[in-house]
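Here are some short exercises to try with the sequence and the 3D view side by side. Have a go at each task before you read its solution.

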Amino acid sequence: MARGRHIRLSLMPNDFETVEIGSASQEDVSILDILDHVLNAGVVVQGSLVISVAGVDLVYLGLNVVLTSVETALRSLNAEPKRPKR
Amino acid sequence: MAIPSRNPEPATALGKALYLYAVSRLSSGTSASGTSARGPSARSTPGPLQSAGVDGIHPVLPVIADGFICWVSVVDAAAFADALGRNLENLEWLALHSVRHQEVVGEIAAATEVVPARFGTVFSGEAALLRNIQERKTALGKVFKKITAADEWGVKVFAERQPVPAAMAEVKSGSDYLRQKAARLKKRPERNDAELQQLATQLARVARASAPTGKVSGSQPDLLWQATFLLPRTRRRQWNQLLQKFVQRWEGARRIEVNGPWPPYSFVSDAE
């Protein structure tokens, strides 16, 4: 799990670790999983982001463009030559 | 309406903003007599976190608001407010800051119940933050009820790659090749087949709630199915037994990966 544990920062999809079922001692959480969970806090679902700046309390920004860019980046990563699996 | 703050003002100044990570409840044991919410010595009052803020520099501090504790750090308004949209499109930036965000929220979640804020929630200052919390007080209370004593878990099912048997690997003729290709195609597992549905249904029965997993990891090779669950901590054993059952049933054909426990990121949208 990722609470205060070391997190390997990597964008390579091949770096996924298989987690033993029932084990709560997962040392490596993939960056993709972190993005999936962290960004799932309303952002992806709602397609907008709440910010409050310069005294204006709420500003909504469209985030579709973000997701698109992440997906495109991942596709290009996937398309690169695969490294040998563990 | 201005909410009087019991806290020392975080050093928001020109060009600075407050980044909100999560909201926890001010427990009854926590001192609200409050000259300071940060006394590192007083056990009952929350102190700054070990993890650095999302910018890697500023400390994460508790700000007490209306029975809640807002966990915030000072950020540069240029990067986190003015240019946030552009930065979010930069995958490297997004990755680094999501990890830091998770480290902070994870540290809080390890100690207490939290409602995580959306990634990139920034306020102009403490007054704006307190006003916002005041407005969402009722919704926040409901969300705390929903997520109490539960964690978020991600479950993924992958197809195991079938190694080509050595005897078959040798292709002597065109018909050999076609036979092998047919065998491989036959083995390709179906997405959304009955057994995957069974797993989904049974997991949902043990969990308190479920949600679709974000799209980011959806392009992993051989991924057949994934979902996110809110699991009461008292049901961990039941949950593991259920997963174990499917692990055994699918041995050699499918692999199950579970990640968690996460703070309940995917189950707090109602707090808006």
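**Exercise 1: Confidence**

Among the elements of chain B, helix 6 (residues 166–169) of chain B has the lowest mean pLDDT, 59, and helix 8 (residues 194–206) of chain B has the highest, 95. Here pLDDT is the predictor's confidence in each residue, from 0 to 100, and helices (H or I, at least four residues) and strands (E, at least two) are DSSP runs, numbered from the N terminus. This is a predicted model, where local features need pLDDT of at least 70, side-chain atom pairs count only at pLDDT 80 or more, and totals for chains, interfaces and linings use all residues. Residues are numbered from 1 along each chain as its sequence is written, while chains are lettered from A and ligands numbered from 1 in the order in which they are written.

Task: find the average pLDDT of chain B, then look for stretches where pLDDT stays under 50.

Solution:
- Step 1. Chain B averages a pLDDT of 80, and 79% of the residues score at least 70.
- Step 2. Over residues 1–11 of chain B, pLDDT stays under 50, and the model has 22 contacts beyond four places in sequence for them. A contact means that two C-beta atoms, placed from the backbone, lie within 7 Å.
- Step 3. Residues 28–44 of chain B also stay under 50, with 26 contacts of that kind.
- Step 4. For the complex, the predictor gives an ipTM of 0.74 and a pTM of 0.71.

**Exercise 2: Chain A**

Task: work out the pattern of chain A, then decide whether helix 1 is mostly covered or not.

Solution:
- Step 1. Chain A has three helices and two strands, in the order α-α-β-β-α.
- Step 2. Of its 86 residues, 35% are buried, that is, 20 or more other C-beta atoms lie within 10 Å of their own (exposed: 12 or fewer; partly exposed: in between).
- Step 3. Now take helix 1 (residues 31–38) of chain A: eight of its eight residues are buried, so to speak "mostly covered". Among them are A:Ile31, A:Asp33 and A:His37.

**Exercise 3: A strand in chain B**

Task: which strand is joined to strand 9 of chain B, and why is strand 9 called largely enclosed?

Solution:
- Step 1. Strand 6 (residues 150–159) of chain B is joined to strand 9 by seven bridges, and the two run antiparallel.
- Step 2. One bridge links B:Val155 with B:Val258.
- Step 3. Seven of the nine residues of strand 9 (residues 254–262) are buried, so the rest of the structure largely encloses this strand.

Notes. Two strands pair if DSSP finds at least two bridges between them.
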